[in-house]
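Reader: I would like to learn how to read a few features of a model, beginning with charged side chains and going on to strands and backbone angles. Could you take me through them one at a time?

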Amino acid sequence: MYWCIIHIKSGNCHDLLRFFNEQQGIHAFLPMMEKWFSGANTKEYRNILLFPDYLFIKADMSKEHFHQTYQDLFHQISRFAKLLEGEALISMDEEEQRFFERMFDGNGVIRHSVGNIINSKLNVESGPLKGMEQQIKKIDRHKRIAYLDCQLLGTRMKAPLEVVNKV
C-alpha cells in the first residue's frame with residue numbers, strides 16, 4: 001500500500017477528492033480530528049481539519065505505479081494542487097503508515113482518547129492514543145489536545161485527549 005499527500009493550493013480539494021475516490025483501489029480523504037467545543041448551548045466534539053489544504057491518499061499500488069498512472073493528472077492540475085515531491089516528498093514509510101492507520105478511523109478522523117494522570121504519569125485508557133503515552137510530548141488539558149512527537153508537514157501532530165482525572 002502506498003500513502004501520499006497532495007498539497008491543495010486553493011479551495012478545489014473536493015473535486016480532487018471526488019476524482020480519486022472514484023478510482024479503483026484508491027481511498028482519498030481530508031484528515032480530521034475531533035475537537036471539543038464548549039459554549040452556552042453546546043458541549044460536544046466536532047470534526048475539524050487536521051491539516052488544512054492537504055489531501056491524503058491511500059493507494060493499493062506501488063509508488064512507481066501510482067506516479068506513472070497519475071503523472072499527466074498532476075501536470076494538468078499543477079496550478080491548484082501538487083503532489084509533494086523532491087525534498088518535500090511525503091511518501092510515508094511503513095512505520096508512518098502503521099502510525100496513521102492506528103490513529104485514523106475508517107473515515108480519516110482521529111477520535112478522542114480518554115485517560116488519567118496518576119502521580120504525574122499519563123495513562124490513556126481508551127482511544128487511538130492508548131499505548132502511545134511515550135510519544136505524547138505535551139498535553140493541553142483545557143483544549144483537550146495532546147501533542148505527539150511526529151513531525152509531519154512541519155508541525156507537531158495533534159490528537160484529541162481528554163484527561164478526566166488527575167491525582
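Author: Let us begin with a caution, which is that the model in front of you is predicted. With that in mind, we can take the charged side chains before the sheet and the loops.

Reader: What should I look for in charged side chains, and how many salt bridges does the count come to?

Author: The general idea is that side chains of opposite charge can pair when their charged atoms come close. In this model the count comes to four salt bridges. One of them joins Arg 46 to Glu 44, with the closest N and O atoms 2.8 Å apart.

Reader: Are Arg 46 and Glu 44 buried or exposed?

Author: Neither word fits, because buried requires under 20% relative accessible area and exposed requires over 50%. Arg 46, at 36% relative accessibility, counts as partly exposed, and Glu 44, with a relative accessible area of 34%, is partly exposed as well.

Reader: Which residue meets Arg 111 in a salt bridge, and which residues are linked in a network?

Author: The side chain of Arg 111 meets that of Asp 105, at 2.9 Å from N to O. Arg 111 is partly exposed at 31% relative accessibility, and Asp 105, with a relative accessible area of 26%, is also partly exposed. A network of salt bridges links Glu 34, Asp 105 and Arg 111.

Reader: Where in the chain do the partners Arg 144 and Glu 162 lie?

Author: The side chains of Arg 144 and Glu 162 form a salt bridge at 3.4 Å, N to O. This pair links distant parts of the chain, for Arg 144 lies in the loop between strand E10 (136-140) and strand E11 (145-152), while Glu 162 belongs to strand E12 (residues 155-166), 18 residues apart.

Reader: Turning to strands, what is the order of the three strands in the open sheet?

Author: In general, strands of a sheet pair through backbone hydrogen bonds, either parallel or antiparallel. Here the open sheet of three strands has the order E4-E3-E7, and its pairing is mixed. Strand E4 (43-49) and strand E7 (109-110) stand at the edges, each with a single partner strand, so one side of each is left without a neighbour in the sheet.

Reader: How many bridges join E3 to E4, and how many join E3 to E7?

Author: Strand E3 (residues 32-38) is joined to E4 by seven bridges, and the two run antiparallel; they form a hairpin with four residues between them. E3 and E7, by contrast, run parallel and are joined by two bridges.

Reader: Which residues stand opposite Met 32?

Author: On the E4 side, Met 32 stands opposite Leu 49, and on the E7 side Met 32 stands opposite Val 109. Along the E3 and E4 pairing you will also find Trp 36 opposite Tyr 45 in E4.

Reader: Last, what is the phi of Asn 119, and what is the phi of Ser 120?

Author: As a general guide, most residues other than glycine have a negative phi, and most peptide bonds are trans. Asn 119 is not a glycine, and yet its phi is positive, at about 50 degrees; Ser 120, also not a glycine, has a positive phi of about 65 degrees.

Reader: Where are Asn 119 and Ser 120 found, and are they buried or exposed?

Author: Asn 119 has its place in the loop between strand E8 (113-118) and strand E9 (121-126), and Ser 120 is found in the loop between E8 and E9 too. Asn 119 is exposed, with a relative accessible area of 65%, and Ser 120 is exposed with 72%.

Terms used:
Residues numbered from 1 in each chain as written. Predicted model: local features only at pLDDT ≥ 70, side-chain atom pairs only at ≥ 80, totals over all residues. Heavy atoms only, no water. Buried < 20%, exposed > 50% of the residue type's maximum accessible area, 1.4 Å probe, protein only. Pairing = 2+ DSSP bridges.
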